Each structure stands twice: as C-alpha cells, then as structure tokens.
Amino acid sequence: MATDEETPLLVENLPSTPTLNHKRDVHILCWAFLLIFLAYGAAQNLESTINTEGDLGTISLGILYSSFTFFSVLASLVVRKLGSKNALILGTTGYWLFIAANLKPTWYTMVPASLYLGFAASIIWVAQGTYLTSAAHSHANDYNLHEGTVIGKFNGEFWGMFASHQLVGNLITLAMLRDEKGGSTSGTTLLFVVFLCSMTLGTVLMCFLSKRNGKEEGLQDSRVTFSSSVVSLLKAMLNLLLDIRILLIIPLIAYSGLQQAFVWAEYTKHIVKPTLGERGVGGAMAVYGVFDAICSLAAGRLTFSLSSITIIVSGGALIQIIVLLWLLLGYSVAGGVLGTIYPLLIGALWGIGDGVLNTQLSALIGILFKHDLEGAFAQLKLWQSASIAVVFFISSSISLQTMVITLLAALCISVAGFLFLTLKVEKAFSFRAS
C-alpha cells in the first residue's frame, strides 16, 4: 500500500499514484540540495577563518545549531501542515539569508540569520527525509519492488550527490580565493554572490518537485487549531520516545552529529591547518567529500534489509575507531610528503564513515518508522543538531585529545545500542508481526 507521507497517521487507504515519476523527483531533490549545500557547506568551512572578530563565525554556527535543535521539536508539525514540498521550498530561504548576511558580517546580521537558519534547517531536513522515503515507498509499491532495497538505493543516490557538495563547493572556493591576501574582501564578496546564485537555482529546482499525494498539501483539516496540533505533536513525540527502537538509535544519531562537527571544528583546525595551512583546508575537505560521496552511493546500493544495514554500519564504525585510535595513540604532525598524505588520508577515511552513517540512519528510520516519518526524522535532526551545537560551543576550550576520547566513548556506546537493537529487539518485533 502506498504511504501518504503528508498524513501517515490519519490516512492509510489512499490509492497509489503510479503517474508520479518518483525517480525524477529524487533526481531533482538531489540536484537542488547539491546547489544549495555546495554554497552553504563551503561557507560553513570558512566561518572560523573569515569572521574572526569576536569569534563571530564560530559563535554564529553554535547559535545556528542551537536554534536547529530547538525548532526540530516543532519541525514535524510544520512539515505536516505545509506538506513536504512546500516545506522544502521554505527551508531554502534560511540558507539564502545566511549567505546574504555574510556579505555584511556583523552581530546584527549574522545572529538573526543564524537563528532563522536553525528554523529553516529543521524544516528542510525533516521534509527531505519524509519526501525521499515517501517516494521510495511509493516507487516500491507501484513497481512491486522490495521496499528496503528501494529505500537504500534512493538514500544512496541522495547522500552520494549531497556529499559531493564538499568537493564542488571547496573547489569553487579554492579557485576564487587562490589569490586573496590577508584582509582583502573583494574575492570573498564575489564568492558569496556566486553562492547566492547557486542557492537561487536550487530553490527554483525545488518548485518542480511533485507533491507526494493526490490532494492539495497542507490543507488536510482547517478545523484543527494550532494548539490542538501542538498537543497532538507532543503526544506523538512522547509515544515515539517510549519506543525502545528509537531510544536505541538516538545514541548513534547523536554520534553522527558529533563526528560531523569534529570535521568542521577540529579536523580542519588541528590536523589540516598545521601541515597544509589555511589554503589546504579546501583541498582536504574536497577529499573528504569525494570519499563521502563514493561511500554513500556504494552503501546505498548494498542496502536491502536490517541485516545489511547492520553489516554496513559496523564496517563504518570500525573505520572510524581505527582513525580515532590513530589520533589518540600514534598521530603526530609530520613534515614532507607524509605531512601532506596523513591529513588527506584521515579525511578520506572519515568521509567513508560519514557516508555510511548518513545513508544507513536514513534507511533505518525509513524502514522502522514508515508510519510516522515526520516525527522520526525530526528526532534524527533534533539529536544530530544538538550534538553539533555542543561541539561548536566547547571546541575552543578543550583539546584535540579530549575530543577524540569523547568521540571514541560515544561511538562505542552508540554501536553497542545499535547492535542490541538489530540483534535482539527488532527480531522480537518481526516475530510479533508474523
């Protein structure tokens, strides 16, 4: 039965709509996110180096992800009311405003833009997970395909394309800033204008997405008041948090945010910059993005069930454990060829781990919580953004060694919970369903 992704808890008997071209919608979604995030991702990487007065760049990112965390609680309600397509379009406005604020970076422009982007980001990411998973469910139903395989392929394609934004965005940054010196801002201004054009094109592409049901989205019942909707949302979130499955996934979700923030806040500052310099940050992040994209595509293709997700996540976790132990026990800043190879190798291995977590967490949620996609993906972004915000706020006051130990402990705990879920709890759920 096709999943009505706009009201999954209320309507389950709508007919499938085979006239929708689900693959076309996934392609459009991929290209739109690439155009938007090649700009935002590169800008985020530059924040700590171009907006240094009063640590404006880093603090703005901390505010952004704190806002992201707060609004993730309400994001599923907004997505249900607007519909996932409209929510995707609304979400792009926050990224556009943030890039525009960087043309005149002050506390009066960056802080409001960061607060609004937190709201917009919570909306766009819940809508993305809902839209993509709904398209996968519908495609599997229309063509009588294995649901888990389609979810894996669609997520692999999306996250592979998305991860390439690090490559494209950083190459653009390198090309446009290669002759910049010290305090010159002309090249930076032109770069952000180019980024605004890219984001505008991505927003236009969003408008060509199909709506995921046969009626006008966001207008399910005008008689339902906002207050009753909020009460219903809070009850649904509480019920979801009482589900042992989401409780066992939350530590892995939080770790996925920690390891992303580690790249942005620690890897570039403590591993890349000392050996490759500031200009090497773009190249290292490009390598990270390439391996992230390749691994996302490969992991998506190999995903077909809970057992395959377990194997892939375990492999990605093992790679990141090896890197963390290397940084903790044996890594030191080297000169010459090794000084160039080591940071790039770490970036490549970390990109593989990130590609695994992005694709497999989305696929896992799509398989286990298909009757409450908005709520489940809101939980995903809530815990991810909270852990990212924590890293940005504490990164300046703790050492690299402390951060590595924290990541290692968090990874071990999260993998243990995930394996318990896949080996014990989900087996019980499957037996009960049969």
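**Figure 1. The whole chain, a fold of 14 helices and zero strands.** This is a predicted model, so please read each view below with that in mind. From the N terminus on, the elements run α-α-α-α-α-α-α-α-α-α-α-α-α-α. The chain has 434 residues, and 55% of them are buried. Take the contacts between residues at least 6 apart in sequence: 86% of these join residues at least 24 apart.

**Figure 2. A close-up of the largest nonpolar core, centred on Y95.** This core counts 118 residues, and the members that touch the most other members are F33, Y40, Y95 and W125. Which residues does Y95 touch, once those up to four places away in sequence are set aside? From the earlier part of the chain come I36, F37 and Y40. The list continues with L117, A121, I124 and W125, and it ends with M199. Two partners of Y95, namely Y40 and W125, also stand with Y95 among the core residues that touch the most other members.

**Figure 3. The largest cavity and its lining.** The structure holds two cavities of 30 Å³ or more. The largest has a volume of about 420 Å³. Its lining is made up of 32 residues, and those closest to the cavity centre are W125, F162, Q260, W264 and K381. If you have just come from the core view, you will recognise W125, which is one of the residues there that touch the most other members. Which helix gives the largest share of the lining? That is helix α13 (residues 373-394), with six residues.

**Figure 4. N155 in helix α5.** Helix α5 spans residues 147-163, and N155 lies within it. Is N155 buried or exposed? N155 counts as buried because its relative accessible area is 3%, below the 20% cut-off. A polar atom of the N155 side chain lies 2.9 Å from the backbone oxygen of I151. Look further along the sequence, beyond residues up to four places away, and N155 touches L132, T359, S362 and A363.

**Figure 5. I89 in helix α3 and its partners.** Here we turn to helix α3 (residues 84-101), where I89 has its place. I89 counts as partly exposed because its relative accessibility is 21%, and the buried class stops short of 20%. Leaving aside neighbours within four places in sequence, I89 is in contact with T203, M206 and C207. A useful distance to check in this view is the one from I89 to I123: the two are 34 residues apart along the chain, and their C-alpha atoms are separated by 9.5 Å.

**Figure 6. Two salt bridges, R24 with D25 and R245 with D243.** The count of salt bridges comes to two. In one of them, the side chains of R24 and D25 meet at 2.9 Å, N to O. How accessible is D25? At 0% relative accessibility, D25 counts as buried, whereas R24 is partly exposed, with a relative accessible area of 32%. The other bridge joins R245 and D243, with the closest N and O atoms 3.0 Å apart. In this pair R245 is buried, and D243 is buried too.

Methods:
Residues are numbered from 1 along each chain as its sequence is written. This is a predicted model: local features need pLDDT of at least 70, side-chain atom pairs count only at pLDDT 80 or more; totals for chains, interfaces and linings use all residues. Side-chain values use heavy atoms; hydrogens and water are left out. A salt bridge is a side-chain nitrogen of Lys or Arg within 4 Å of a carboxyl oxygen of Asp or Glu. Buried means under 20% relative accessible area, exposed over 50%, partly exposed in between (1.4 Å probe, protein chains only). A nonpolar core is a set of buried Ala, Val, Leu, Ile, Met, Phe, Trp, Tyr and Cys residues joined through side-chain atoms within 4.5 Å. Contact means heavy atoms within 4.5 Å. Helices (H or I, at least four residues) and strands (E, at least two) are DSSP runs, numbered from the N terminus. A polar contact is a pair of N or O atoms within 3.5 Å; within protein, one must be able to donate a hydrogen and the other to accept it, and residues adjacent in sequence count only if both atoms are side-chain atoms. On a 1 Å grid over the protein atoms alone, a cavity is a set of points where a 1.4 Å probe fits but cannot get out, and a pocket is an open set with protein on both sides within 12 Å along at least five of seven lines; lining residues have an atom within 4 Å of a point. Grid points are joined across faces, edges and corners, and a volume is the space filled by probe spheres set on the points.
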